[in-house]
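Please walk me through this structure, beginning with its nonpolar core and then turning to one helix and a pair of strands.

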Amino acid sequence: MTQETNHQQNNQLNRTQPSPQLVSLLQGKLNTLIGKSSGYIENLPEDVKRRICGLNFYQFEHAKLEAKFQEEILALEKKYLKLYQPYYEKRAKVVRGECEPAEEEITAGASLFEKEKERQAQEGDPATEKNKEVQGDPAAEKSKEESTGDSCKGIPEFWLTAMKNLITISDNITERDEEALKHLIDIRISYLENPGFQLEFEFEENKFFSNTLLVKTYYYQDEPGYGGDYVYDHAEGTKIDWKEGMDLTITVETKRQKHKGTNKTRVVKTTVPAESFFQFFNPPPPDCEEDDDDADLDSRLETDYQIGEDIKEKLIPRAIDWYTGKALEYEDMLDDDEYFEGDDYDEGDYEIDDDEDDGDDEGAGGRNGEVGERPECKQQ
């Protein structure tokens, strides 16, 4: 293809694409129309408008019931958290090594593992073999421990392993974070008197920070949203007392500067924010305003809230399932449903590169968006 032909095609392409200035102008005009009446309702016959007013009243009454519905759900959540609490406390003691499960509890748990493996085998679940490695027979593990003479306290790295299996959290855990999160021994939830909840992360003594308890609190707005749901307002986190040189939320950059007049060189050290799970405890303040230096504020707020919800709704209630990897099976099923909802699926919407070498894929595809095996649980 000649250079002249390329030039002609580029000119044609430029003529078919609207200029950025025009797009910006149109977008501004459209934004001014949001929430404004089209005039359709005003031009209807009077008797129809009266009926619409009646329907509007019904909707208002319906909204009041929706708000009541959400209040009762919150009350139920608080009620059942008290019922769950004894099991959470037992779990915490076992994880910390403060007590051992009763023999009948161990036997019952092993039986549940066996039934789960039998179900997977009957359904032809390809993850069965992998889960056999993850969900080993406790009796066999005990026998192996006795034969090697190895023993440990509680369940090492229980919460770190569970968190790394939950993708919304693992995406924010760096290798540096893992060393600190190995000292995480419990995560708890409590509800506020007003709509909202609190997450408590308990740590044993470690070389990174002096806090033994890091707290993240989520506040909802006083008034429910359009659908009756509580609306997220803001979050607050504990200030972490980092030990000298151990702050995981910053990195130190060293630069050499040369003086123009004297040619002397000096070393300047500056600190810059670093990616870290512990940024979770430093959310954007409620009065933070978006500017040019923080254009992704909405995304940060949404991610922060989603992590909190996943810890509250998924991680804490089913920590052992995330530790063993069992929860991944059901998480994958939910992800599949998102792809096949509706009738708009079209193979033409997706490109398949047949030349790509599958042998070099990294892991199970969670972080890089590749389709592969389910991520392996980190068994201790």
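In this predicted model, the largest nonpolar core (a set of buried Ala, Val, Leu, Ile, Met, Phe, Trp, Tyr and Cys residues joined through side-chain atoms within 4.5 Å) holds 43 residues, of which Phe201, Phe278, Ile311 and Leu315 touch the most other members. Helix H7, covering residues 158–164, gives the most to this core, with five residues; helices here are DSSP runs of H or I with at least four residues, and strands are runs of E with at least two, both numbered from the N terminus. Once neighbours within four places in sequence are left aside, Phe278 is in contact (heavy atoms within 4.5 Å) with residues including Asp177, Phe203, Ile240 and Trp242.

Helix H4, residues 103–123, reaches 31 Å from its first C-alpha to its last, close to the 30 Å expected at 1.5 Å a residue for its 21 residues, where the expected span is 1.5 Å times one less than the number of residues. Ala110, Glu116, Lys117 and Gln120 of H4 are buried, that is, under 20% relative accessible area, whereas exposed means over 50% and partly exposed lies in between, with a 1.4 Å probe and protein chains only. Because these four cover an arc of only 115° around the axis, they lie on the same side of H4, the arc being that of the directions from the helix axis to the C-beta atoms. The face turned away from that buried side carries the exposed residues Glu104, Leu112, Lys115, Gln122 and Glu123.

Strands S1 (residues 184–191) and S2 (residues 196–203) run antiparallel and are joined by seven bridges.

Residues are numbered from 1 along each chain as its sequence is written. Local features need pLDDT of at least 70 and side-chain atom pairs count only at pLDDT 80 or more, while totals for chains, interfaces and linings use all residues, and side-chain values use heavy atoms, with hydrogens and water left out.

Notes
Two strands pair if DSSP finds at least two bridges between them.
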